[in-house]
Amino acid sequence: MIDHMSIGVADIVRSRDFYDRVFAVLGYQRLYDIDGEAAAYGPEMPSMQFWITRPLDGDRPTAPCNGMHVCFQAKSRDLVRAFHDAAIAAGGTDAGAPGLRPEYSETYYGAFVFDPDGHKIEAVCYDAE
């Protein structure tokens, strides 16, 4: 259903460093880097891509970004924990420690973090451990 999505960030270099570190643990890589104006990430082409870019109106994103939430697939619960650890180490803020979320499903194991601009990101694994 989704081919790509993008979020506005205040500082491309800071956000690129954050997402490089966070996505590395999930096996995603930076696919594009456009003159310090934007970057795209994914597992490989063709695939859904996640872009960071300057806000269209040139303004700084308002943190926390009201209602913005993106969830990325992780292949294991260990990788969900590694995602959370990497995001915190890269300057993110905890928004929900790794753990089961039985209100979503019996095996929903997720972790939530606010990125440096306040976008809420998550990693999830549905596999039973």
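The paragraphs below lead from the overall fold to its aromatic rings, its largest pocket and a few single residues.

The structure is a predicted model, and the protein in it has two helices and eight strands. Read along the sequence, these elements follow the pattern β-α-β-β-β-β-α-β-β-β. The protein has 129 residues, of which buried residues make up 42%. Among the contacts in the protein with a separation of 6 or more, 55% are accounted for by residues 24 or more positions apart. As for the outside, the accessible surface of the protein comes to about 7100 Å², and carbon and sulfur atoms hold 51% of this surface.

A good place to begin inside the protein is with its aromatic rings. A pair of aromatic rings is described by the distance of the centres and the angle of the planes. With ring centres required to lie within 6.5 Å of each other, the count comes to twelve aromatic pairs. In one of these, the rings of phenylalanine 23 and phenylalanine 72 have their centres 4.9 Å apart and their planes at 80°, and because an angle over 60 degrees counts as edge-to-face, the pair is placed in that class. Phenylalanine 23 belongs to helix H1, which covers residues 12-26, whereas phenylalanine 72 belongs to strand E5, which covers residues 69-73, so the pair ties together parts that are 49 residues apart in sequence. Both phenylalanine 23 and phenylalanine 72 are buried.

Phenylalanine 72 also takes part in a pair with phenylalanine 50, in which the ring centres are 5.1 Å apart and the planes stand at 90°, so this pair too is edge-to-face. Here the link runs between strand E4 (residues 49-53), where phenylalanine 50 is found, and strand E5, where phenylalanine 72 is found, and the two residues are 22 residues apart. Since buried means a relative accessible area under 20%, phenylalanine 50 is classed as buried because its value is 2%, and phenylalanine 72 is likewise classed as buried because its value is 8%. Taken together, ring pairs link Phe18, Tyr19, Phe23, Tyr28, Tyr41, Phe50 and Phe72 into a cluster.

The surroundings of phenylalanine 50 can be followed further. Leaving aside neighbours within four places in sequence, phenylalanine 50 is in contact with Met5, Ile7, Tyr19, Phe23, Ala39, Ala40, Tyr41, Val70 and Phe72. The C-alpha atoms of phenylalanine 50 and leucine 31 are 9.7 Å apart in space, while the two residues are 19 residues apart in sequence.

Phenylalanine 72 leads on to the largest pocket, which has a volume of about 320 Å³. This pocket is lined by 16 residues, and the closest to its centre are Tyr28, Met48, Cys71, Phe72 and Gln73. Strands E3 (38-42), E4 and E5 each supply at least two residues of the lining, and the largest share, four residues, comes from E5. By character, the lining of the largest pocket divides into twelve nonpolar residues, four polar residues and no charged residues.

Helix H1 offers two further residues to visit, and one of them, leucine 26, leads back to phenylalanine 72. Leucine 26 is found in helix H1 and is buried, with a relative accessible area of 7%. Apart from neighbours within four places in sequence, leucine 26 is in contact with Phe72, Gln73, Ala74, Leu79, Phe83 and Ala123. Between the C-alpha atoms of leucine 26 and glycine 42, which are 16 residues apart along the chain, the separation is 9.9 Å.

Arginine 16 is also found in helix H1, and with a relative accessible area of 16% this arginine is buried. Not counting residues up to four places away in sequence, arginine 16 touches Arg30, Asp33, Gly36, Ala39, Tyr41 and Ile52.

One of those partners, glycine 36, lies in the loop between strand E2 (29-34) and strand E3. Is glycine 36 buried or partly exposed? Its relative accessible area is 23%, so glycine 36 is partly exposed. Once neighbours within four places in sequence are left aside, glycine 36 is in contact with Ile12, Arg16 and Arg54. The C-alpha atoms of glycine 36 and isoleucine 12 are separated by 6.4 Å, although the two residues are 24 residues apart along the chain.

How values were computed:
Residues are numbered from 1 along each chain as its sequence is written. This is a predicted model: local features need pLDDT of at least 70, side-chain atom pairs count only at pLDDT 80 or more; totals for chains, interfaces and linings use all residues. Side-chain values use heavy atoms; hydrogens and water are left out. Rings of Phe, Tyr and Trp (its six-membered ring) pair if their centres lie within 6.5 Å; planes under 30 degrees apart count as stacked, over 60 as edge-to-face and the rest as tilted. Buried means under 20% relative accessible area, exposed over 50%, partly exposed in between (1.4 Å probe, protein chains only). On a 1 Å grid over the protein atoms alone, a cavity is a set of points where a 1.4 Å probe fits but cannot get out, and a pocket is an open set with protein on both sides within 12 Å along at least five of seven lines; lining residues have an atom within 4 Å of a point. Grid points are joined across faces, edges and corners, and a volume is the space filled by probe spheres set on the points. Ala, Val, Leu, Ile, Met, Phe, Trp, Tyr, Cys and Pro count as nonpolar, Asp, Glu, Lys and Arg as charged, and the others, Gly among them, as polar. Contact means heavy atoms within 4.5 Å. Accessible areas come from the Shrake-Rupley method with a 1.4 Å probe; for residues, only the protein chains shown count as cover.
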